[in-house]
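Thank you all for making time for this. I would like to walk through one chain with you, beginning with its sheets, then turning to charged pairs, and ending with a single loop residue.

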Amino acid sequence: MIESLLVANRGEIARRIIRTARRLGVRTIAVYSEADADLPFVREADEAVCVGPANPAQSYRNTEAILAAAKSTNAKAIHPGYGFLSENADFARTVEANGLIWVGPGADAITAMGDKINARNLMADAGVPVAPGTTDPAADADAALAAAETIGFPVMVKAAAGGGGMGMAVASDEAGLRTEYDKVRAFAERMFGDGSVLIERYFPRVRHVEVQILGLADGRVVALGERECSVQRRNQKLVEESPSPAVSAELRERLLAAAVRAGEAVGYRNAGTVEFLFDPTAGPVQGDAQAGEFFFLEMNTRLQVEHPVTELVYGVDLVEEQLRVAAGLEPGFDPAALTARGHAIELRINAEDPKRFLPGPGAVTAWTEPTGEGVRVDSGYALGTTVTPFYDSLMAKLIVYGADRSEAIARARTAVAGFEVAGPKCNLPFFAELFDNSEFLGGDYDTGIVGRMRAKK
């Protein structure tokens, strides 16, 4: 196993990685910004190094500072968590060039899947279904219009280098397309340094389903089930559950096979997620096959925020498996005996208001985490800490597990009622509202559920 691990991240994911590493006897090193000096992950690591001021570009995205911290603490490996530098191929190469172990997929896989147009084309060649769309960037608004007329309105205008729900807009006609093309291109140039734009078919009523894959040290790629991620605001996830209430055994087999092909196409190693759009109403029913079409959306070449639901359903510690792959070890489970049991739901507890989902940082004046059977909390904050405006609004993840979906929802409802947060704004009331929503309770929901809930207010 790896001797020592620097976690190049913050908050709940740093804390979560440190927990598994310490269980395995791996010495842990945290890096932190001046704004995060009092957060729990800093004191829970064996060592901690301040890498700069609050601005992420000067701290958590500061390659030189992170590598200097690794050298000064004699770290042997770096785990990037999610966000920040986790999908930065240049950083991955630099880590390895400095003689350190990179706990993630190879830089070539990150590069291949980081550009959405290139990724679409690779997946199509590998036999993974892709939505109708452009195979090259739309050079200007006229080219985007020509593509949209071929695909058919409405269309999705997407930044080729985007991710995390950013750099996306829907256009229903020519005027809207021209406006959104200019906006997305400008946003992409500003945020990602790449203004390339692609045009895809837009699905008004669609579900967002993803598959967890793991590329093993021996070259095999295995799939650990699917996660339903359709409860979203502004294309960003709020709730995830596994298994998906919309996926039959037959469809699951097809989804997982497609995700494995995706991983194999880029020689994938370590943990990753293949995301799909699923239209339950499309396509013919043949024999016992479930109606519905699914299309490749993107591949996240890192550990996902929502990985705990997979861990609970499959009984696998994904961070441990990441470390094992990086160390060249066999998996800690039998890939041929993977079996899903029960149902898990994750709620993202954010420092934002529960109506408009606008961020509301502040000092934490009350913090009581729920406990009980089937309840897990991965938190980045505690009483006396402060949620600052410099980073993502995620404060904690509340994950619940039950023998079936009904039991998981019941436990989630109780856990939400027992979770006390004061000081920052908090979206906990939204989840209480969700657990009274007939669409969600029936499992018959899509990515528009939050918008419909708010439209009723």
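**Two sheets, some salt bridges and one aspartate**

Let me start with strand β2, residues 27-33, which runs parallel to β3 and is joined to it by five bridges. If you want one position to hold on to, take V31, whose bridge partner in β3 is V49. Please keep in mind throughout that what you see is a predicted model.

These two strands belong to an open sheet of five strands, paired in parallel fashion in the order β3-β2-β1-β4-β5. At its edges stand β3 (47-52) and β5 (101-102), and because each has a single partner strand, one side of each is left without a neighbour in the sheet. Helix α3, residues 63-72, packs on this sheet and touches β1 (4-7), β2, β3 and β4 (77-79), with its direction at about 155° to that of β3.

Now to another sheet, this one open and made of three strands in the order β7-β6-β8, with antiparallel pairing. Here the edge strands are β7 (168-171) and β8 (197-201), each of which pairs on one side only. On average, and ignoring direction, neighbouring strands of this sheet are turned by 25° against each other. Strand β6, residues 155-159, runs antiparallel to β8 and is joined to it by five bridges, and V155 has R201 as its bridge partner in β8.

Two helices pack on this sheet. Helix α7 (residues 141-151) touches β6 and β8, and its direction makes about 15° with that of β8. Helix α8 (residues 174-192) touches β6, β7 and β8, and its direction makes about 20° with that of β6.

Let me move on to the charged side chains, where the count comes to 40 salt bridges. I have picked out three of them, and I will take each in turn.

In one, the side chains of D317 and R23 meet with N to O at 2.9 Å. This pair links distant parts of the chain, since D317 sits in the loop between α10 (307-314) and α11 (318-326) while R23 is in helix α1 (residues 11-23), 294 residues apart. D317 has a relative accessible area of 18% and is therefore buried, the cut-off being under 20%.

In another, E298 and K116 form a salt bridge at 3.0 Å, N to O. E298 is in strand β13 (residues 293-300) and K116 in helix α6 (residues 116-125), 182 residues apart. E298 is buried at 13% relative accessibility, and K116 is buried as well, at 7%.

The remaining one of my three joins E240 to R348, with the closest N and O atoms 2.7 Å apart. E240 lies in strand β11 (residues 236-242) and R348 in strand β14 (residues 343-350), so the pair ties together parts that are 108 residues apart in sequence. E240 is buried with a relative accessible area of 0%, and R348 is buried with 13%. Salt bridges that share partners also join R16, R19, R23, E311, D317, E320, R324, R376 and D378 into one network.

Finally, where does D446 sit? D446 is found in the loop between α14 (438-442) and α15 (449-455), and it is buried, with a relative accessible area of 7%. A polar atom of the D446 side chain lies 2.7 Å from the backbone nitrogen of G448. Leaving aside residues up to four places away in sequence, D446 touches R205, V206, R207, S230 and R452.

Key:
Residues numbered from 1 in each chain as written. Predicted model: local features only at pLDDT ≥ 70, side-chain atom pairs only at ≥ 80, totals over all residues. Heavy atoms only, no water. Helix = DSSP H or I, 4+ residues; strand = E, 2+ residues; numbered from the N terminus. Buried < 20%, exposed > 50% of the residue type's maximum accessible area, 1.4 Å probe, protein only. Polar contact = N/O pair within 3.5 Å; in protein donor to acceptor, adjacent residues only side chain to side chain. Contact = heavy atoms within 4.5 Å. Pairing = 2+ DSSP bridges. Axes fitted to C-alpha atoms, helices over the stretch in contact; angles between N-to-C directions. Salt bridge = Lys/Arg side-chain N within 4 Å of Asp/Glu carboxyl O.
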